[in-house]
Amino acid sequence: MTLDRAVALALGLLLCWMVAAPLGLVLLSAVRPGGFPLDPGFTTANFAAVYLAPGFPELLGTTLAFAAGSTAVALVLGTLLAWAIERTDLPGAALFRALVILPMATPPVLLAIGWTMLASPRIGVLNRVLQDTLGLSAAPFDVFSLGGMVFVEGLSLVPTTVLMLAPACRNMDPSFEEAALASGASRLRVLRRIVLPLLLPAIAAAACFMMIVSLVVFDVPGTLGLPVRRFVLSTQVFHWISESPGGVPEYGKVGALAVLFLAILLALGALYRRATRRAAAFRTVGGKAFRARPMPLGTLRWPVFTCVSAYFVVAVVLPLSVLVWSSLMPYQVAPSRAALALLTLENHRDFLANGQVAEAAWNSVVIALVAATAVAALAGLVAWLVVRRRVPGGAVLDALAFAPIAVPGVMIGVALIYLYLATGPILPVYGTIWIIVIAYATQYLPFGTRLIGGSMIQLHPELEEAGRTSGASEARILRRVTLPLVAPALAATWVWVLAHALRELSSALLLRSFDNMTVPTLLWDYWSGGEPTRAAAVGVWLVLAVLGALLLSRLVGRRAVDA
Amino acid sequence: MPEEIAVPTRRTMLLAAPALLLGRSARAQVDALATEAAGLGPVIWYESTPSDLANQVAAAFGRRYPRIALRHVRDSGGNAMSARIIQESQGGARTADVATNSASVFWPLAQRGLLEGADWAALGATPSMAPTPYSLLATASVFVLLSNTKLVPEAEAPAGWDALLEPRWRGRIGVWQRTEPFVSLAALWGPERVADYLGRLSAQLPFLFPSTFPLAQQVAAGEVAAGVGIYHAALPAISRGAPLRYLVPEPAPISSLYSFMPKAGRNRPGGKLFSLWLATEEGALAYEAATGRGNPLIAATRTAQLLAGHTSVEQKPEDADATLPLIERYDAILRQTGQAAPSK
């Protein structure tokens, strides 16, 4: 057995334990009358109850419209941003690159609430300002409409899209664009005919990812759609899990619905493979040396800067300002001049004086660091074996690593509880921070494999072939050739998982015990205890923590490069 | 048959509240429980209050029983508690020694054979405090009508159920997406009258909220002008000066929460002892001071005073099997009637 195959086998076994076993339990719950995997009996009633329900087609239609719209918004804005920041001489690109990730640190439910403060037809400050300024009789924005939901969800996905596309943008040989420009092509044409086709694998990967995320996401539909009875599948899942009349979660129905999500995921995976099967067409990183030179925007420089700045005002400054505003209020109140009299630091003082903060912060940091490192390592290995080494069974490895995204995080948590209760004597992780690490690593693995896989497709095999010709071992080629070239993708994965792990809530709540409290669970304690302004204060500190981690990672990265 | 909880009287208080002071036999049993519990390690308590507040209850319990440690694990709401107890019981792991939740949560657990019964009467509890062997009344949520004091003058605030059906509230009110208050109302009004009422309320296009805490906050923020909320969920905003008022409607639906003990707990005597202590005046006041939620059968609580003069109504916990289809039916009316609320 070659080293490749041995590593693939070991990784396959690990993924079976991490992914296939929990998924199996989720699917088992779908055929249990009681809905719990260890309940007795078999039934198909859960499938009938889900798919033959009278409102299901309409629910599915609304969900697909929401998911497709959100994906489109995220892809269009994310692609343009990634290109402008990474490929052009955009003024302030470094600052934009640092800021783009900030909304990711904020729990989505707080962002969604922030948007009700901004664009609610009744209390939204944007509506009030525009109505007062322009003399409009009706509010121009309605954040509770389907368009409003799509807009907010799309915006929340833009940072992830940028992170997924940025490494691919960075790895593009500028000579393609320079040749086109020298041949008289306009910049728009260069973007359309050169940049976008070369980015296809990364864009396709991002599209698959965003589509599935939008199908299962709850925060935005739960905050903006549910109040006005605009239901999607995830609000139905929330109802089955938290609010079912029987007093016990209807995991059987959730498992049955997960089958549909898995089918959509497999279909998207097949489409992705089809779109990228001509791998050679996307290899932009070859043996020929190139220096990453930004494409001059010329006369478009300041108009592009204005557009990008406008995006940051809308997507970053406005919601984060509302978050800060809320954190300085004694209770929830929309921004206004009159409310300035209520400003207080009490929420921040209360947060910092809370005896549980130190423990929760330490747990969060350890969980985030370990989960981020584990995902980057595992996803890198999966992508290397599947894309670069093309090992037998690579498609299975790829599917296993992508599958967790189709299952709501709560169901993964449920399955993990069973797994680690059963293996308690050998692996005593139930009730500790380590079961949360495992849950996050499982949940975030799909992002890592999409991002790193998309980046690896761009590498021409001649790079590794040159190493082999020079007598280097496979391990040395991996270490000296492949890893440095995919380092931006690995770093982006690490940062993305770190930010998400710092804010993740649903699994942490499900798996919480005495000694594994995290900062988001503390935030949730405030939020669900009727103190959203205190929750906002925690959100502000989370954003600051992620910003600090980001700056630190850049500093370390720069020193490493200098060394 | 509807169950009406009468306005608490001094007599009922004397019977219900000081369970630990009743009779030599009961006291001896309680003392025996305390001795046994002290040797079985900490008592694990699953409950939904934020831990920093629940720890105040644990501290008060610790003052009464210094040799017994109470450790609170926060339940994340909804049906999460029942799911956790089922999983831990099925997985052979330690679960709660005592938990606090509504009948809709403990009843399915009892039906699965996961709860331990107790002879509460022998321990001094009255039938209204212990309606089933599996449960002892701990506290209750009281449904109230909320309104924003800046948007709604006091004279115009909705004071009764019919007021919410007036055209002026169309698109301006919020309700909890769970139809619990209306299920409780059905105990007095009957299922059909409530279904009809709920249909007309849904035609008012109320905002649905996933929980009563954000509902109260959104009334305070002015997103909706009024709503059907829960008294204790409005307290955090009110205590911080939010422009929020509440009125107890007539009849006043309540949702009782009970203590119950999973069989898979390891310090069940401790769980039973804590359940009994929560049902005393000392326990009820400590719990209410921390959470805002009190025991309606203990006169000294703010909750009992709030309900004084009102007809408080709810379904019997032992009728849970019959109540579940009602919840399903009412949920469907609230979720399916009408289109999205108007944008202004």
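Which residues have the most contacts inside the largest nonpolar core? They are A:Leu165, A:Ala371 and A:Val375, in a core of 303 residues. The legends below take this predicted model one view after another.

Before the first view, here is how to read the names and values. Residues are numbered from 1 along each chain as its sequence is written, while chains are lettered from A and ligands numbered from 1 in the order in which they are written. Because the model is predicted, local features need pLDDT of at least 70 and side-chain atom pairs count only at pLDDT 80 or more, whereas totals for chains, interfaces and linings use all residues.

**View 1. The largest nonpolar core and A:Val375.** A nonpolar core is a set of buried Ala, Val, Leu, Ile, Met, Phe, Trp, Tyr and Cys residues joined through C-beta atoms within 7 Å. A residue is buried if 20 or more other C-beta atoms lie within 10 Å of its own, exposed if 12 or fewer, and partly exposed in between, with C-beta atoms placed from the backbone. Helix H16 (residues 357-388) of chain A brings the largest share of this core, 17 residues. Helices (H or I, at least four residues) and strands (E, at least two) are DSSP runs, numbered from the N terminus. Leaving aside neighbours within four places in sequence, A:Val375 is in contact with A:Ala441, A:Tyr444, A:Leu445, A:Gly448, A:Thr493 and A:Val497. Contact here is between two residues whose C-beta atoms, placed from the backbone, lie within 7 Å. In soluble globular proteins, nonpolar side chains tend to be buried together.

**View 2. Where chain B touches chain A.** Chain B puts 54 residues into the contact and chain A puts in 51 residues. Several elements of chain B each supply at least two residues of its side, including helix H3 (51-64), helix H4 (80-90) and helix H13 (320-336). H4(B) gives the most, with seven residues. The side of chain B that touches chain A divides into 25 nonpolar, 18 polar and eleven charged residues. Ala, Val, Leu, Ile, Met, Phe, Trp, Tyr, Cys and Pro count as nonpolar, Asp, Glu, Lys and Arg as charged, and the others, Gly among them, as polar.

**View 3. Two sides of helix H13 of chain B.** The 17 residues of H13(B) should span 24 Å at 1.5 Å a residue, and this agrees with end C-alpha atoms that are 24 Å apart. The expected span is 1.5 Å times one less than the number of residues. Buried in H13(B) are B:Ala320, B:Thr323, B:Leu326, B:Ile327, B:Tyr330, B:Asp331 and B:Leu334. Seen down the helix axis, they fall within an arc of 140°, so they line one face of H13(B). That arc is taken from the directions from the helix axis to the C-beta atoms. On the other side, B:Asp321, B:Ala322, B:Pro325 and B:Gln336 are exposed. The buried residues of H13(B) pack against H5, helix H6 (180-189), helix H7 (191-202) and E8 of chain B.

**View 4. Strand E6 of chain B and its partners.** All 13 of the 13 residues of E6(B) are buried, so this strand is largely enclosed by the rest of the structure. Strand E6 (residues 136-148) pairs with E10(B) in the antiparallel sense over four bridges; strands pair if DSSP finds at least two bridges between them. One bridge partner in E10(B) is B:Leu247, matched with B:Leu145. Six bridges join E6(B) to strand E11 (residues 252-262) of chain B, again antiparallel, and B:Leu137 stands opposite B:Tyr258 there. Five bridges join E6(B) to strand E9 (residues 226-230) of chain B, also antiparallel, with B:Phe143 partnered by B:Ile230. Strand E10 (residues 244-247) has a covered face, B:Leu244 and B:Tyr246, and an uncovered one, B:Arg245 and B:Leu247. In a regular strand the side chains alternate between the two faces of the sheet.

**View 5. Backbone details in three loops.** Most residues other than glycine have a negative phi, and most peptide bonds are trans. B:Glu250 and B:Pro251 are joined by a cis peptide bond, with omega about -5°, and B:Pro251 is found in the loop between E10 and E11 of chain B. A:Arg229, although not a glycine, has a positive phi of about 60°. This buried residue has 21 other C-beta atoms within 10 Å. B:Leu205 is not a glycine either, and its positive phi is about 55°.
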